[in-house]
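Please look through the structure below with attention to how its strands pair and how its side chains are packed or left open to the surroundings. The paragraphs that follow lead from one buried position outward to the surface.

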Amino acid sequence: MATRVQDNRFDWRKGLAQSFSQDARDHYELAVAKNVRLSAEYGAVTKRVGSLRLHVTGIGASAAVLVLHSWRPASQQVVAICGSEFYYKAQGDSNFTEILSTLSTTNLPVFAQHVIAGVPTLYFAEGALRKYDGVATLTLSITGAPAARFIVVYKGRMFASDNTKTIYWSKVADPSTWASPDGGQANIETYDAEAVVGMVVVGGSLLFF
């Protein structure tokens with residue numbers, strides 16, 4: 001009759017180690033972890049919970065959901081883009097609310113939140129610059145804004161790229177104004193004419209990719 005041995009351990013801070021034989025494995029490692037999450041900080045084990053349904057009536061029946069984005073205007077809110085339409089759902093709502101629109105069904109949106117006169121506003125770029133007020137208004141066209149594919153907020157301005165080597169910047173605290181002298185544009189000289197494909201703020205610097 002086989003004997004079952006119980007091995008009690010309290011710390012798996014090194015996580016999974018499946019490429020070594022069992023006798024070479026450190027006592028801070030384990031071979032199998034099913035239906036659990038491992039804390040990277042303490043090596044503790046918690047149960048991996050299942051998925052949570054966010055709505056009663058499904059969206060995306062005729063088209064795939066392109067993107068979900070969570071942000072906090074007044075309370076936690078999730079927005080979604082699906083089949084060229086825009087949806088939003090506040091925490092506690094049973095369903096998403098649809099705003100009829102004509103968004104891209106292929107371009108993956110890039111989101112950036114900006115506080116305008118104390119009011120959080122969600123901007124996103126997907127071939128054009130759009131903005132959503134967190135309530136029920138989606139602005140599809142911002143006069144003078146570039147055909148943005150990438151956006152980021154840096155030192156009060158919004159910076160944008162239209163998938164070329166040109167970058168654009170708005171007026172400070174006003175992403176609805178892009179014309180000079182308040183806004184402007186310039187080329188990133190990459191010496192090979194390749195486009196800017198991303199932007200990110202790191203510390204006090206704005207990096208272009």
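**From a strand to the surface**

Leaving aside the neighbours within four places in sequence, T121 is in contact with W71, A112, Q113, H114, I116, K131 and Y132. In this predicted model, T121 lies in strand β10, which covers residues 119-125. Its relative accessible area is 10%, and because the limit for a buried residue is under 20%, T121 counts as buried.

Strand β10 also takes part in the largest nonpolar core, being one of the elements that give two or more residues to it, along with β5 (65-71), β6 (77-82) and β7 (85-90). This core has 13 residues, of which V79, F86, F124 and Y132 touch the most other members. Y132, named above as a contact of T121, is thus met again here as a core residue. For F124, the contacts beyond four places in sequence are I81, F86, L103, P109, V110, F111, L129, R130, L138 and I151. A second, separate core of eleven residues includes I151, together with I142, A148 and W178. In soluble globular proteins, nonpolar side chains tend to be buried together.

The next region is a run of antiparallel strands. Strand β13 (residues 150-154) and β14 run antiparallel and are joined by five bridges, and within this pairing Y154 has R157 of β14 as its bridge partner. The two strands form a hairpin with two residues between them, and in the turn K155 has a positive phi of about 50°. On the other pairing of β14, strand β15 (residues 166-169) is matched in the antiparallel sense over three bridges, with A160 standing opposite Y168 of β15. This hairpin has four residues between its strands, and N163 takes a positive phi near 70°.

Why is strand β14 described as largely enclosed by the rest of the structure? The reason is that four of the five residues in β14, which spans residues 157-161, are buried.

At the surface, V197, V200, V202, L207 and F209 make a nonpolar patch of about 430 Å². Among these, F209 is found in the segment after β18 (205-208). With a relative accessible area of 54%, F209 is exposed, since the term applies over 50%. T121, by contrast, is buried at 10%, whereas F209 belongs to a patch on the surface.

Notes:
Residues are numbered from 1 along each chain as its sequence is written. This is a predicted model: local features need pLDDT of at least 70, side-chain atom pairs count only at pLDDT 80 or more; totals for chains, interfaces and linings use all residues. Side-chain values use heavy atoms; hydrogens and water are left out. Buried means under 20% relative accessible area, exposed over 50%, partly exposed in between (1.4 Å probe, protein chains only). Contact means heavy atoms within 4.5 Å. Two strands pair if DSSP finds at least two bridges between them. A nonpolar core is a set of buried Ala, Val, Leu, Ile, Met, Phe, Trp, Tyr and Cys residues joined through side-chain atoms within 4.5 Å. Patches are made of residues with over 30% relative accessible area and no salt bridge: like charges are joined within 9 Å, nonpolar side chains (Val, Leu, Ile, Met, Phe, Trp, Tyr) within 5 Å. Accessible areas come from the Shrake-Rupley method with a 1.4 Å probe; for residues, only the protein chains shown count as cover. A salt bridge is a side-chain nitrogen of Lys or Arg within 4 Å of a carboxyl oxygen of Asp or Glu.
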